[in-house]
Amino acid sequence: MSARTPSGRAVARHGWAQALVAVLGGLIAMGVVAALGLWAAGATDLPDGSFPPVVAATVVTAVGGTVELSGDAGALAGTEGGLTVVPLSVTLTGALLVGRGFLRPLRHRAVAGAPELAGWAARIAALWLLALLALALAARHTFEIPLGDGPLGDLGDLFGITPEVGFSTDVPATVLVGLVWLAGVLVLALLVARGAPLPGRLLRLQTSVRPAAHAMLQLLLAHVVIGLVVALAVAATRGHPAETFAVILLGLPNVAWPALTIGLGATWDGRVDGPFGLPMPQVLDEVLRTPDVSTLNLGTLAEHDGRVWWLVVVDAVLLLATAFVMAALSPARIRAWQHAVHLAVALALTVLMICLTARIDARIGLSVLGIGDLGEGFSGQVLLTPRLWSALGLALLWGLVAGFAGALPARGVRRRGGTGR
């Protein structure tokens, strides 16, 4: 809602109540998505009532927080573990809703002063800080690991070993990174939303940055929608619906966005070892489940399934459509080569974001008297990392070509000197 000053100028109402709605709306939605995804993955079977802390830990990692694994198996045994993964489905849900809550009181405005925007953002940040502290304190738990009836269980019974594993959050790091995450979401919301008001000194961003930022958001969401359709088709035709819905609710962008970079020609390095695998299509597990680190790109995937070449076609079509939309939203005075540069920079930044957030490094191990695993499935590793510089170079090249080609047909639909609606 908005009020009117004596001069008739609209002033947005964005007090503490609106800030609370924005923060709680985003966090509740993230918690629901995380809980449903973990439920589909079978996390409700975890012992000692650990499901609520696991949900809290999932939300913490979704906003960039740090969750540390720990273990205690006594003097004759050892445990180790580490986890670096962002559940991007939860992250995307929170970013969209928090960004929308931030922009909602500012709608129907053309210009907003910098002090006004800073004050509104500060209210949200203060409540977000309190919520992060609560989540960080709730995301900790310890529970016992049953050793089973095999050799490892016999050793445990002989020496009275009861392994325990747990997790907790690094509270200072979680708060700091979580606030940085929030700042990024709010800034991107202002840049992406075509109708969001900007301070007078930044109005030039409406023509130089906002069309490209808006187009990149549409590109990312388009890949998520395509991934959702494919996942639902797989669930309907090949079974395993619970596992598929767990992937959708926890890590759909973790699959769809690296696929975007692979379609551009990027290469990722990875390895799957042990009882758990990547929440991704079977072909990826086949490529990565090797004794050494494997190379993941179009060539290696095509050796297992030739249909992966469609990734190139999908990327080409979507990038041309993205370039067209960006050019159509830009003033007519901007030339085709300028659109090419804008799209190249925007696509490179988008690929950089994907490479930083979609990487995975998870490992866990248990040994007794120096003897680990023993066929009981207590150790393993999942690794997925991009070759960053080659991915960025390919993004720049694709952006230049697609930006120039997509801008040419947009000349006939752009408004002269305007930004379009």
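This section describes the overall make-up of a predicted protein model, three helix pairings and five individual residues.

The secondary structure of the protein chain consists of 14 helices and 11 strands. Of its 421 residues, 46% are buried. Contacts between residues at least 6 apart in sequence were also examined, and 76% of them join residues at least 24 apart. The accessible surface of the chain amounts to about 20100 Å², and carbon and sulfur atoms contribute 66% of this area.

Helix 1, spanning residues 16–40, takes part in two of the pairings considered here. Its axis comes within 9 Å of that of helix 2 (residues 51–62), and the two axes cross at roughly 120°. That angle makes helix 1 oblique to helix 2. The crossing of these two helices is right-handed. On the side of helix 1, the contact is formed by Leu-27, Met-30, Gly-31, Ala-34, Ala-35, Leu-38 and Trp-39, while helix 2 contributes Phe-51, Val-54, Val-55, Thr-58, Val-59 and Ala-62. By class, the residues of this contact comprise 11 nonpolar, two polar and no charged.

The second partner of helix 1 is helix 9, which covers residues 241–263. The axes of helix 1 and helix 9 lie 8 Å apart and pack at an angle of about 155°. Because angles over 145 degrees are classed in this way, helix 1 and helix 9 are roughly antiparallel to each other. Their crossing is left-handed. Helix 1 supplies Val-33, Ala-34, Leu-36, Gly-37, Leu-38 and Ala-40 to the contact, and helix 9 supplies Ala-242, Phe-245, Ala-246, Leu-249 and Leu-250. These residues divide into 10 nonpolar, one polar and no charged. Ala-34 and Leu-38 of helix 1 appear in the contact with helix 2 and also in the contact with helix 9.

Helix 9 additionally meets helix 3 (residues 88–103), with axes that come within 5 Å and cross at roughly 95°. Helix 3 and helix 9 are therefore roughly perpendicular to each other. In this contact, Leu-88, Ser-89, Val-90 and Leu-92 of helix 3 face a run of helix 9 residues from Val-247, Ile-248, Leu-249 and Leu-250 through Gly-251, Leu-252, Pro-253 and Asn-254, together with Trp-257. The class composition is 10 nonpolar, three polar and no charged residues. Leu-249 and Leu-250 of helix 9 are thus listed in the contact with helix 3 as well as in that with helix 1.

Two residues of the helix 3 and helix 9 contact, Leu-88 and Asn-254, also touch Ala-358. Ala-358 is located in the loop between helix 13 (336–357) and strand 9 (360–368). This alanine has a relative accessible area of 0% and is buried. Beyond residues up to four places away in sequence, Ala-358 touches Leu-88, Asn-254, Pro-258, Trp-268 and Leu-384. The C-alpha atoms of Ala-358 and Val-86 are 6.8 Å apart in space, although 272 residues separate the two in sequence.

Helix 6 (residues 171–192) contains Thr-174 and Val-187. Thr-174 is buried, with a relative accessible area of 1%. Apart from residues up to four places away in sequence, the residues touched by Thr-174 are Val-60, Gly-65, Thr-66, Leu-132, Ala-136 and Thr-169. Val-187, in contrast, has a relative accessibility of 47% and counts as partly exposed. Between Val-187 and Gly-99, which are 88 residues apart along the chain, the C-alpha separation is 8.9 Å.

Ser-168 is placed in strand 6 (residues 164–169). With a relative accessible area of 22%, Ser-168 is partly exposed, because the cut-off for burial is under 20%. When residues up to four places away in sequence are set aside, Ser-168 touches Thr-66, Val-67, Glu-68, Ala-139 and Arg-140. One of these, Ala-139, is 29 residues from Ser-168 in sequence, and their C-alpha atoms are 5.9 Å apart. Thr-66 is touched by Ser-168 and by Thr-174.

His-214 belongs to helix 8 (residues 210–238). At 16% relative accessibility, His-214 counts as buried. Outside its neighbours within four places in sequence, this histidine is in contact with Val-192, Arg-194 and Leu-329.

Methods
Residues are numbered from 1 along each chain as its sequence is written. This is a predicted model: local features need pLDDT of at least 70, side-chain atom pairs count only at pLDDT 80 or more; totals for chains, interfaces and linings use all residues. Side-chain values use heavy atoms; hydrogens and water are left out. Helices (H or I, at least four residues) and strands (E, at least two) are DSSP runs, numbered from the N terminus. Buried means under 20% relative accessible area, exposed over 50%, partly exposed in between (1.4 Å probe, protein chains only). Contact means heavy atoms within 4.5 Å. Accessible areas come from the Shrake-Rupley method with a 1.4 Å probe; for residues, only the protein chains shown count as cover. Axes are lines fitted to C-alpha atoms, for helices over the stretch in contact, and angles run from 0 to 180 degrees between N-to-C directions. Angles under 35 degrees count as roughly parallel, over 145 as roughly antiparallel, 65 to 115 as roughly perpendicular and the rest as oblique. A crossing is left-handed if the near helix is turned anticlockwise from the far one by less than a right angle, and right-handed if clockwise. Ala, Val, Leu, Ile, Met, Phe, Trp, Tyr, Cys and Pro count as nonpolar, Asp, Glu, Lys and Arg as charged, and the others, Gly among them, as polar.
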